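Biologist: Could you walk me through the side-chain contacts in this one? I'd like to hear the reasoning along with the values.

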Amino acid sequence: MIIYFTGTGNSRFVAEQIAEATGDELVNAVKYTRKNRNAVFSTPGIYVFVSPIYVSAPPMVFLDFIRHSTFPGDCRAYFIMTCAGGMGGAPGYCKALAAEKGFTYMGTAEVEMPQNYIAMFKTGTPEENRAKIEAAVPVVSNLSIAIRNCRELPDPGMKGWELLSTRMVLAPYYKYFMTSKPFAATEKCIGCGKCAAVCPLANIVMQDGKPVWGDNCTHCMGCINLCPKEAVEYGKGTHGKLRYHGPRSV
Ligand SMILES: Cc1cc2nc3c(=O)[nH]c(=O)nc-3n(C[C@H](O)[C@H](O)[C@H](O)COP(=O)(O)O)c2cc1C
């Protein structure tokens, strides 16, 4: 089973490719995280967890979803992380979670995809994004072969300091920076509700035809990047920046 979490579609794109190559069932964890619900999985065998990297680790909401969901006794777990540059301390988090859940840990791998963290960085041009996605396809294809043959993934060579620095930064980052307060809709907003529909935590409600953000935000950047009118801004820092409309748009 391939279980994925996504903000702007990169992880869905990778999960779909793996599912196509392995013939495994695809499950969108966002269906559950939007309702703040866990899941019960009853099929023993291989589980592939696909998600973006948030601050050198898997998203806490996805780790919590896996942690609190129910799995059968005999599971082998792969973790595939989409990221813009590197997965940092993520293998440490994935390995620890696999141990906690009693999974046989089969490894963690990164797949470089376009940058979506527009609140902090510049996103790529459509050409740069296309090149990244094209380069990712054979990487995912090799990972799919390993998964289909139930082979362990190679050790990604995470350094001890990478895990240590991720651990030091993560909690304060979530507490002080992952806030939705600077999000606002501009006069370009047509009230279509796409931002609310894509939010993986159902943290946006439409009021009088305009989006209103609650305080349960994991900074997935779906609302701002996927807005068809580019009518969402995050403070002043996103004005004039290119939006990343997701892998299907490039
Ligand atoms: C909150 C946040 C934090 C991120 N942190 C990192 C990071 O530490 N390293 C990195 O390489 N990419 C980072 N990224 C980029 C994403 O991991 C990358 O663009 C990913 O493919 C997005 O996947 P999605 O489209 O499935 O949401 C971050 C993105 C967001 C939104």
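Biologist: Is F71 buried or exposed?
Modeller: Keep in mind that this is a predicted model. The relative accessibility of F71 is 13%, and the cut-off for buried is under 20%. So F71 counts as buried.

Biologist: Which residue does F71 form an edge-to-face aromatic pair with?
Modeller: The loop between α3 and β4 (75-83) holds F71, and the partner sits in strand β3, 22 residues apart. The two rings are 5.9 Å centre to centre, with 80 degrees between the planes. Over 60 degrees counts as edge-to-face, and the partner in that pair is F49.

Biologist: And what is the relative accessibility of F49?
Modeller: F49 counts as buried, and buried means under 20%. For F49 the value is 0%.

Biologist: How many aromatic pairs does a search of the whole structure find?
Modeller: A pair of aromatic rings is described by the distance of the centres and the angle of the planes. Searching the whole structure on that basis, the number of aromatic pairs comes to 18.

Biologist: Take F41 and F65, then: why is the pair edge-to-face?
Modeller: The ring centres of F41 and F65 are 6.5 Å apart, and pairing takes centres within 6.5 Å. For edge-to-face, the planes have to be over 60 degrees apart. The pair is edge-to-face because the planes of F41 and F65 are at 85 degrees.

Biologist: Where in the chain do F41 and F65 lie?
Modeller: This pair links distant parts of the chain, 24 residues apart. F41 counts as buried at 6% relative accessibility, and F65 does too at 3%. F41 is in the loop between α2 (30-33) and β3 (45-52), and F65 is in helix α3 (residues 60-68).

Biologist: Which residues form one aromatic cluster?
Modeller: Both pairs we just went through, F41 with F65 and F49 with F71, have their residues in it. The full cluster is F5, Y32, F41, Y47, F49, F62, F65, F71, F79, F103 and Y105.

Biologist: On to charges. How many salt bridges does a search of the whole structure find?
Modeller: Side chains of opposite charge can pair when their charged atoms come close. Going through the whole structure, the search turns up salt bridges numbering five.

Biologist: How many residues apart in sequence are the parts that E16 and R248 tie together?
Modeller: The closest N and O atoms of E16 and R248 are 2.9 Å apart, and the two form a salt bridge. E16 counts as partly exposed at 27%, while R248 is exposed at 62%. E16 lies in helix α1 (residues 10-22) and R248 in the segment after β9 (232-234), so the separation in sequence is 232 residues.

Biologist: Which residues do salt bridges that share partners join into one network?
Modeller: One salt bridge to look at is E100 with R67, at 2.9 Å from N to O. That pair links helix α4 (residues 90-101), with E100, to helix α3, with R67, 33 residues apart. Sharing partners, the salt bridges join up D64, R67 and E100.

Biologist: Which residue does E112 meet in a salt bridge?
Modeller: E112 lies in strand β5 (residues 104-112) and is tied to a residue in helix α5 (residues 126-148), 20 residues apart in sequence. E112 is partly exposed at 39%, and the partner counts as partly exposed at 23%. N to O, the contact is 3.2 Å, and the partner is K132.

Conventions: Residues are numbered from 1 along each chain as its sequence is written. This is a predicted model: local features need pLDDT of at least 70, side-chain atom pairs count only at pLDDT 80 or more; totals for chains, interfaces and linings use all residues. Side-chain values use heavy atoms; hydrogens and water are left out. Rings of Phe, Tyr and Trp (its six-membered ring) pair if their centres lie within 6.5 Å; planes under 30 degrees apart count as stacked, over 60 as edge-to-face and the rest as tilted. Helices (H or I, at least four residues) and strands (E, at least two) are DSSP runs, numbered from the N terminus. Buried means under 20% relative accessible area, exposed over 50%, partly exposed in between (1.4 Å probe, protein chains only). A salt bridge is a side-chain nitrogen of Lys or Arg within 4 Å of a carboxyl oxygen of Asp or Glu.
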